[in-house]
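Reader: I've got a protein model open and I don't know how to read it. Can you walk me through a few features?

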Amino acid sequence: MDKIFVDEAVTELRTVGDMLRWAVSRFNDANIYYGHGTDNAWDEAISLVFYALHLPEEIGQQVVHSNLTSSEKHKIVELIIRRVRERLPVPYLTNKARFADLEFYVDERVLVPRSPIAEMIHNNFSPWLYNKPVNRVMDLCTGSGCIAIACAYAFEDAEVDALDISEDALEVAQINIESLDVLDRVFPIQSNLFSAIPKGPQYDLIVSNPPYVDEEDIGDMPDEYHHEPAIGLASGRDGLDLTKRILANATDYLTKDGLLVVEVGNSMVHLIEQFPDVPFTWVEFENGGDGVFVLTYDQLVENESLFAIYKDSE
C-alpha cells in the first residue's frame with residue numbers, strides 16, 4: 001500500500017460524495033473490469049463505499065454530503081486501492097453478493113453468483129413447469145448454493161439437493177444454507193456430477209450452472225476472473241466436458257415430466273455445432289444474459305443416442 005497516496009486521499013477527501021467521485025476516477029484510470037455484480041464504475045464505487053460505512057446502498061443521496069471520520073476514510077481508501085491493484089471483484093472484498101433478491105456470503109472458494117437463471121427462478125421456471133408439482137430439485141455444481149437456495153424459496157414445498165465436487169464450495173454453501181434458514185430443505189452433497197446419487201426418477205427439476213469456459217476464453221479472461229476457482233470455470237477445449245455428461249446422464253434421475261436447465265454461456269456456439277439436431281430451447285431473458293438451454297425429459301430420451309458416448313460408466 002502506498003502510504004503517501006493513502007494519506008493524501010484521507011486528508012483531502014471529506015464527504016461520502018468525495019469518496020464516490022474519487023473511487024470512480026480511480027476505477028476509470030485503472031480500466032478495471034466489471035462483471036461481478038455491477039457493470040459500471042459508479043455502481044462499483046457505491047458498493048464499496050456503502051459497504052465500508054455499514055449503510056444500505058438505497059440511502060444514496062441522503063448521506064452524499066455527510067462528512068467522514070478519519071477511520072472511515074482509511075477503510076474506504078484501502079478497499080478502493082485493493083480493488084484497483086489486486087483486481088479483486090467487489091464481492092470478494094465485501095463477502096457479499098446478491099442473487100435472486102437474496103444476499104449470499106461469498107469468498108474465493110466459489111464463483112461470484114451472476115447467472116441469468118435467477119430470472120427463471122423468479123418466474124418459477126414458467127412456462128415449462130407451470131402448474132406442475134415440484135417436489136424435488138437437483139442443483140448440479142452448486143458452488144455458493146445460490147441456485148439451490150433460491151429454488152427452495154421459489155418452490156416452498158420442495159427439497160433441494162445441492163451437489164458439488166468441491167469440499168471448499170460446499171463449506172460456503174453450508175454457510176448460506178444456515179444464514180438463509182433452509183437447513184430443513186437444502187442438502188449439500190459432495191459429488192462428481194451425479195456420482196453420489198442413486199439412479200431413479202427422483203427430480204422434477206435438474207438445474208446446473210457448470211463450468212463452461214473453453215480454452216480460448218480462459219486465456220482471454222480479465223484479471224478479475226482469475227481470482228475465482230478455476231475448477232468452477234474451465235471445462236475442456238470446447239467448454240462442454242461437463243455439459244455433455246449432464247446431457248447423457250440426466251434421464252437416469254429426472255421424473256417423466258422432469259426438466260433440465262443448463263447454462264453454457266458462450267459455449268452455446270459449440271453445443272449447437274456439435275448437436276444440430278437436438279431441439280434446445282434457448283431462453284430469452286428480459287434482464288440480459290444468454291446461453292441457457294432447456295430440455296424436457298422426453299426430448300432427452302428422444303436424443304439419448306447422440307449423447308451415449310458421454311454417459312458415465314456403471
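Author: Let's go through a sheet, then two residues. This is a predicted model, where local features need pLDDT of at least 70 and side-chain atom pairs count only at pLDDT 80 or more, while totals for chains, interfaces and linings use all residues. Residues are numbered from 1 along each chain as its sequence is written, and side-chain values use heavy atoms, leaving out hydrogens and water.

Reader: What is the order of the strands in the open sheet?

Author: Strands are DSSP runs of E, at least two residues, and helices are runs of H or I, at least four, numbered from the N terminus. Two strands pair if DSSP finds at least two bridges between them. Here seven strands go β5-β4-β3-β6-β7-β9-β8, with mixed pairing. The edge strands, β5 (186-190) and β8 (281-282), each pair on one side only. β8 runs antiparallel to β9 (residues 292-296), joined by two bridges; T281 has V294 as its bridge partner in β9.

Reader: Does N176 count as buried or exposed?

Author: Buried means under 20% relative accessible area, exposed over 50%, partly exposed in between (1.4 Å probe, protein chains only). N176 is buried, because its relative accessibility is 0%. You'll find N176 in helix α8 (residues 167-179). By contrast, E159, in strand β4 (residues 159-164), has 40%, so E159 is partly exposed.

Reader: Which residues does N176 touch?

Author: Contact means heavy atoms within 4.5 Å. Not counting residues up to four places away in sequence, N176 touches F104, Y105, S144 and I149.
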